[in-house]
Amino acid sequence: MTDLSLYRNIGIFAHVDAGKTTTTERILKLTGRIHKTGEVHDGESTTDFMEQEAERGITIQSAAVSCFWKGHRFNVIDTPGHVDFTVEVYRSLKVLDGGIGVFCGSGGVEPQSETNWRYANDSKVSRVIFVNKLDRMGADFYRVVGQIKKVLAANPLVMTLPIGIEDEFCGVVDVLERKAYIWDDTGLPENYKIEDVPADMVDKVEQYREQLVETAVEQDDDLMMAYMDGEEPSIEDLKRCIRKGTRDLAFFPTFCGSAFKNKGVQNVLDAVVDYLPAPNEVNPQPLTDEEGNPIGKFAKVDAAEPFRALAFKIMDDRFGALTFVRVYSGVLNKGDSILNSFTGKTERIGRMVEMQANERLEISSATAGDIIAIVGMKNVQTGHTLCDPKHPCTLEAMVFPEPVISIAVAPKDKGGSEKMGIAIGKMVAEDPTFRVETDIDSGETILKGMGELHLDIKVDILKRTYGVDLIVGEPQVAYRETITKEVEDSYTHKKQSGGSGQYGKIDYKIRPGEANSGFAFKSSVVGGNVPKEFFPAIEKGFKGMMNSGTLAGFPVLDVEVELMDGGFHAVDSSAIAFEIAAKGAFRQSIPKAGPQLIEPIMKVDVFSPDDHVGDVIGDLNRRRGMIKDQEAGVTGVRIKADVPLAEMFGYIGTLRTMTSGRGQFSMEFSHYMPCPNNVSEKVIADTKARKAAEAKK
C-alpha cells in the first residue's frame, strides 16, 4: 500500500523571470532525475519543452515531473509566470497540496507574484518561499521579506539568512540549526561545507531565531507556556510547530539562495519534506451538486474510499490526447471503467502514464494522492470529475476568467479551413481561457484570449504544430454594454394566425445591477396574473438577450429584471409566448434605460529606469491611464496604473523605445469602466460600419 505521508504534490510559481524553471531544473538535478542541467537562456530546460518556450525563454504551459528526495516522492509542477497564461497556475494550484513561491532577490514582489499568491490563498495551498537570485546586482533579501509582508499581507517566517550579497553571495545560515552552509566556486550543488555561523552574523541570527521560535511555539499552548517559563524547545518540537503553522497558512517558511549558482536549493527541498503537507494532511476536497453548490460531503484522500479524481489539464501531443488527473481517493487500475459525472458517460481506461515533462512512463495503477495522465480519453474537459460509476459525485469545479481580447483569423489557402477547425478544437480543449466563435454576419473565425502574447502564441502553435498558415486581423477589445437607469415598462406578445394563437403580457422593471453581478431575475407578482410555471420562460427570454446589446451588439453586463405583473390567456398562453414577450421587452426597454458602453481596464505594472520615469508616466497619461502608485527600487521605479486595454496594443515597442530597451511591463484584467463619450461614439460607429461591410461581402 502506498504510504501517503511520503508524498508531496507541489507547484513552483512566481512572476515571469524570477527563476521558477531554473529552480525546477536544480531540483531535478539534485534528486537525480536528470544528470545534465539545462538552462532556460539556452532553450534547453527539461520542463520548457515546447518550441515556443525554448525560443522565448518563458514557460507557456505547466509541466509535471516526479522525483525523489530523502525517501519522499515529489510530484512537481513548473508553472508559467506570464499573466497571459495565469490559467495554468490556477488549475495547477487547484490540485496541489503545497507550493514553492519563488521571488526575485532584486525584483521582489512583482505583479504576477501577487496574482499567483492570491490564487494560492483562494485554493488554501500551503507554501514555502524561496527568495532567488541573491547573486544578482541590486539583490536585497531583507527588502523582499518586507515586501512580502507589505504587498502580500503574508507572514514570512525567515528560516535562512544570506551570507554575503550580490557578487559576494556564497551561502546561507540555517537559523533554526544555527549552521552556515557555504558553497565553493565550482558551481556544483554538492560542493558545500557546514560551518559555524560567521562572527559578524551571530547577533542577527540570534535576533531572527528568537522571532522564529516565538512564532513557532504559538502553534502549541503547552510549548508556549514552557518557553515563557524559560525552557528552550527542542528542534523536533519547533519543526512540528512550523509544520502545523505552515499547513494552517499562519506563516510561510522563507528561504534564500541562487538557483542558477546552485546555492540554497537543498534547504528548500528539506523544507518541502519537513513543512509542506502530505496529500492526506490537507483539507479534503468538497463535493458539490450539479449546480456547483457544496453538499457537505468531502473526497477524503484515502485509497480505501471510492475512486474520485479531477481532470485539471488536457494536452494534445504527437501520441494523442492526454488528460492530466489528480486522484483524490480510491485506486484506478488499467482496464477500469470510470464515470465522467459532467457528461454522464463511462469510459474504459486504456493506458495510464506518469509524466516526466514530455516523456511518459507507463503505469498500471494509480492511487489517492497521485498526479497522472490518462491517454486517449474522449469528451473530458478541464474541471470534469471522474469517479466510480457505483458512487457518482462531483468535485468542486474550476472557474476561469473571461477573455478580454479577440482577433479574426482566416486560413491563407482554401484547403486549410478543415485543418484549422480540427486544430482549434484541440487547442480550446487544452486551454479554457482560449475561446473560438464564428461571427454570424461575416462567417469569420474569432479567436479570444487573455492578451496579445496569448493569442500570438496560439497563432504560432497553429502554424508550426498544425501547419495552418493564417491571415490575422487587428486585435479587438472585448467591450461590453450596461444600463445606467431604472425603467418600468410593459410588453404584450400577441399572435393569431388560425388555430391556437400566442399570448403573453408582462409588466416589469429593468434596473442596473451590482458590479460583476451579470444577470439577475426576480418576481414580485401577486396573485395569478402570470402563472408561476411561465417564470422560467420569462427569465430565459431576458437572459438570452444579454448576449447582444442594443448599442453595438456587445454582450450586456449587470442588469436586474423584476417581473411585477402581467396577463395570460387560458388557451393561447404558453412558455414560448412568454419567452418571446421577454425578448421583445428587452429590445423595447434597454434603449430607454440609458445604455452605456463599458471597456476593460487593465492593471498595468511598468518598470522603468530612473531617468525615464517622467516619459513613461506622461505616455501612460496619454493612454487615458490613472497612475495608482510609484515605488522606487534599487535599479529603477515600478509604476502601477489602471489603463484601458484599447490603449495598450503594441505598448511593449513604445516602452522599449522610451527606455532604451530597459523597460518592462505586465498587465492583467482588473474591471470594466464606462467609456468616455468620444471613445464610445467611435467604437459604436466603427462596429456598425464593420458589420455593414461584412454583410455586403
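Over how many bridges do strand β31 and strand β33 pair, and in which sense? Strand β31, residues 502-512, and strand β33, residues 559-567, pair in the antiparallel sense over 8 bridges. Keep in mind as you look around that this is a predicted model.

## The mixed sheet and its helices

Those two strands belong to an open sheet of 4 strands, and walking across it you meet them in the order β30-β31-β33-β32. The pairing in this sheet is mixed. At the edges sit β30 (487-495) and β32 (519-523), each of which pairs on one side only. Going from one strand to the next, the twist averages 25°. To find a spot where β31 and β33 line up, look for K505, which stands opposite G567 in β33.

Two helices lie across this sheet. Helix α12, made of residues 535-545, lies across β31, β32 and β33 and runs at about 150° to β32. Helix α13, made of residues 575-589, lies across β30, β31 and β33, and its direction is at about 40° to β31.

## The antiparallel sheet

Now scroll back along the chain to another open sheet. Here 4 strands come in the order β7-β8-β9-β10, and the pairing is antiparallel. The edge strands are β7 (160-163) and β10 (192-195), and each of them pairs on one side only. Neighbouring strands in this sheet are turned by 25° against each other on average, if you ignore direction.

Zoom in on the β7 edge. Strand β7 is joined to strand β8 (residues 171-174) by 4 bridges, and the two run antiparallel. P162 stands opposite V172 in β8.

## Two loop residues with a positive phi

Have a look at R178, in the loop between β8 and β9 (179-183). R178 is not a glycine, yet it has a positive phi of about 55°. Is R178 buried or exposed, or partly exposed? It counts as partly exposed, because its relative accessibility is 38%.

N262 is another residue to check. You'll find N262 in the loop between β11 (252-256) and α9 (265-275). N262 has a positive phi of about 60°, although it isn't a glycine either. With a relative accessible area of 10%, N262 is buried.

## A pair of crossing helices

How do you describe two helices that pack together? You use the angle between their axes and the distance between the axes. Take helix α6 (residues 202-217) and helix α8 (residues 235-247): their axes come within 8 Å and cross at roughly 65°. The crossing of α6 past α8 is left-handed.

Which residues of α6 and α8 meet? From α6 come R209, L212, V213, A216 and V217, and they meet I235, L238, C241 and I242 in α8. Sorted by class, this contact has 8 nonpolar residues, no polar ones and 1 charged one.

## Aromatic rings that pair up

How many aromatic pairs does a search of the whole structure find? The search finds 10. One of them is F103 with W117, a tilted pair with 6.1 Å from centre to centre and 55° between the planes. F103 lies in strand β4 (residues 98-104) and W117 in helix α4 (residues 111-122), so the pair ties together parts that are 14 residues apart in sequence. Both F103 and W117 are buried. Ring pairs also link F103 and W117 with F252 into a cluster.

Another pair, Y508 with F542, is edge-to-face, with 5.7 Å from centre to centre and 65° between the planes. This one takes us back to the mixed sheet: Y508 is in strand β31 and F542 is in helix α12, 34 residues apart, and the pair links distant parts of the chain. Y508 is buried, with a relative accessible area of 0%. F542 counts as buried too, at 0% relative accessibility.

## A buried isoleucine

Last stop: I617, which sits in helix α14 (residues 613-622). I617 counts as buried because its relative accessibility is 17%, and buried means under 20%.

What is I617 in contact with, once you leave aside its neighbours within four places in sequence? The answer is I627, Q630 and I639. You can also locate I617 relative to V606: the two are 11 residues apart in sequence and 9.5 Å apart in space, C-alpha to C-alpha.

How values were computed:
Residues are numbered from 1 along each chain as its sequence is written. This is a predicted model: local features need pLDDT of at least 70, side-chain atom pairs count only at pLDDT 80 or more; totals for chains, interfaces and linings use all residues. Side-chain values use heavy atoms; hydrogens and water are left out. Two strands pair if DSSP finds at least two bridges between them. Axes are lines fitted to C-alpha atoms, for helices over the stretch in contact, and angles run from 0 to 180 degrees between N-to-C directions. Buried means under 20% relative accessible area, exposed over 50%, partly exposed in between (1.4 Å probe, protein chains only). Contact means heavy atoms within 4.5 Å. A crossing is left-handed if the near helix is turned anticlockwise from the far one by less than a right angle, and right-handed if clockwise. Ala, Val, Leu, Ile, Met, Phe, Trp, Tyr, Cys and Pro count as nonpolar, Asp, Glu, Lys and Arg as charged, and the others, Gly among them, as polar. Rings of Phe, Tyr and Trp (its six-membered ring) pair if their centres lie within 6.5 Å; planes under 30 degrees apart count as stacked, over 60 as edge-to-face and the rest as tilted.
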